[in-house]
Amino acid sequence: MEIRVDPNAGFCWGVVRAIDFAENELKKAPKVYSLGDIIHNSAEVNRLNGLGLETISVNDFPKLEKGSKVLIRAHGEPPSTYREADKYGLEIIDATCPVVTKVQERIKKFFDNGYQVVIFGKKDHPEVIGLRGVTGDKAIVIQSVEEALEKVDFQKPTVLFSQTTMDRETFGKITAALKEKVKDLQIGSIEDEANKFLAKNTICGQVSGRDKKLREFAKANDIIIFAAGKKSSNGKVLFNIVKEENPQSFFVEDENEIQFEWLKNSDSVGITGATSTPQWLMEKMRDYILQNYKIARLQD
Ligand code: SF4
C-alpha cells in the first residue's frame, strides 16, 4: 500500500506569516498572548503553547500586566479590540493577514459611503466579527440565497462581500439571485438609482485556487484521510470538495482518529488537509500508518 502526503496541502501564507510573528516574538519574550487560538488546529496550538504562546480573549485584558504582548491572528479583529488593548496599555502584535486587512478596508469604504454591506459568511466566525466590526456591526451576514433575499433591503444601494474562506459556488448563486431581484425591482421603478447592487468576490485565492489540485489528488488515491481542526471553516469547504471526488474520504483531527478498517483493500492512501493543517501533522499521520497498520492487520 502506498501512502502519499499531498505536496500542495499545508498552511496558507497568511497563517505561516502569523506563526512566524508568534515565533519571532517568543524569541524575545517568554510569554506572548494570542487572541483566540492562532489557528484552528489543536496540534499546532499545543506546539506553540509549549513555546510560551497563551490563548486569551479580550475579556482577559484587565488581568494582563501593562506592556504585555498580544498577538492578533490572521483572522483579524474589530476596531474595538485595538481600543481595548490601548486602554490597558498592551502591545499589539498585528498578524492580521494582509488579504483580510484589505477586505476590512474595502468594506469600511463602502459602508462610509452609505452602502448597505452584506457579508456572505458565518456570523460568529472570528474573521466575520472583524469585518462586521468595521461597520459598527451594521453589516448583514448571510449564508444562503434564501437568507439574502429575506434580509437585504433592496431599496438601499448594496454591496456584497465574502468571508475569505467561503465557497465560490454559493457566492455565485447569491450574487445571481440578488442581481435578478434588483433587475426585477428596476423594471418600472421610478427611483431606480436606489437599486444599486455590487458584488465583490473576496474569497481568498489560497482557498479557491486549491480546488483543482485537491480534486486531482482526491481522484488519484483509493482513500483520502483529510486532516483538519473540527472548527476550521476552510477545512469543511475543502473536505466537501474531496468527498465529491472521492466518497472514500475521512475527516480526522489527529492520527488517533484514523481507523485501520478504512484502509483495507486499498492500494493507495492520500493524506491531505486544510490551509490550517501543518505539513508535519500530515507526515506524522503517514508515519503512524506505516508503523501501525501492518501490526494491526497481523492481529486481525
Ligand atoms: S486563507 Fe487567505 S485570507 Fe485566510 S489567512 Fe490564508 S492567505 Fe489570508
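**The ligand site and three helix pairs**

Let me begin with the ligand, which in this structure sits in the largest cavity. Helix H4, residues 98–112, and helix H8, residues 205–208, are the elements that give two or more residues to the shell around the ligand. I should say at once that what we are looking at is a predicted model.

Which residues surround the ligand? Going along the chain, they are Cys12, Gly14, Ala74, Cys97, Val99, Val100, Thr164, Cys204, Gln206 and Val207. When the residues of this shell are divided by character, 7 of them are nonpolar and 3 are polar, while no charged residue is found among them.

From the ligand I turn to the way some of the helices pack. Two packed helices are described by the angle between their axes and by the distance between those axes.

I will stay with H4 for the opening case, since H4 packs with helix H5, residues 126–133, at an angle of about 30°, the two axes being 9 Å apart. Angles under 35 degrees count as roughly parallel, and H4 and H5 are therefore roughly parallel to each other. As for the sense of the crossing, H4 passes H5 in a right-handed one.

The next pair is helix H1, residues 13–28, and helix H2, residues 42–51, whose axes come within 10 Å and cross at roughly 20°. That angle makes H1 roughly parallel to H2, and the crossing of H1 and H2 is left-handed.

My last pair is helix H9, residues 210–219, with helix H10, residues 233–245, where the axes come within 8 Å and cross at roughly 40°. H9 and H10 are therefore oblique to each other, and H9 passes H10 in a right-handed crossing.

How values were computed. Residues numbered from 1 in each chain as written. Predicted model: local features only at pLDDT ≥ 70, side-chain atom pairs only at ≥ 80, totals over all residues. Heavy atoms only, no water. Near = heavy atom within 4 Å. 1 Å grid on protein atoms, 1.4 Å probe; cavity = no way out; pocket = protein on both sides within 12 Å on 5 of 7 lines; lining within 4 Å. Sits in = over half its atoms within 2 Å of the grid points. Helix = DSSP H or I, 4+ residues; strand = E, 2+ residues; numbered from the N terminus. Nonpolar A, V, L, I, M, F, W, Y, C, P; charged D, E, K, R; others polar. Axes fitted to C-alpha atoms, helices over the stretch in contact; angles between N-to-C directions. Parallel < 35°, antiparallel > 145°, perpendicular 65-115°, else oblique. Left-handed = near helix turned anticlockwise from the far one by under 90°.
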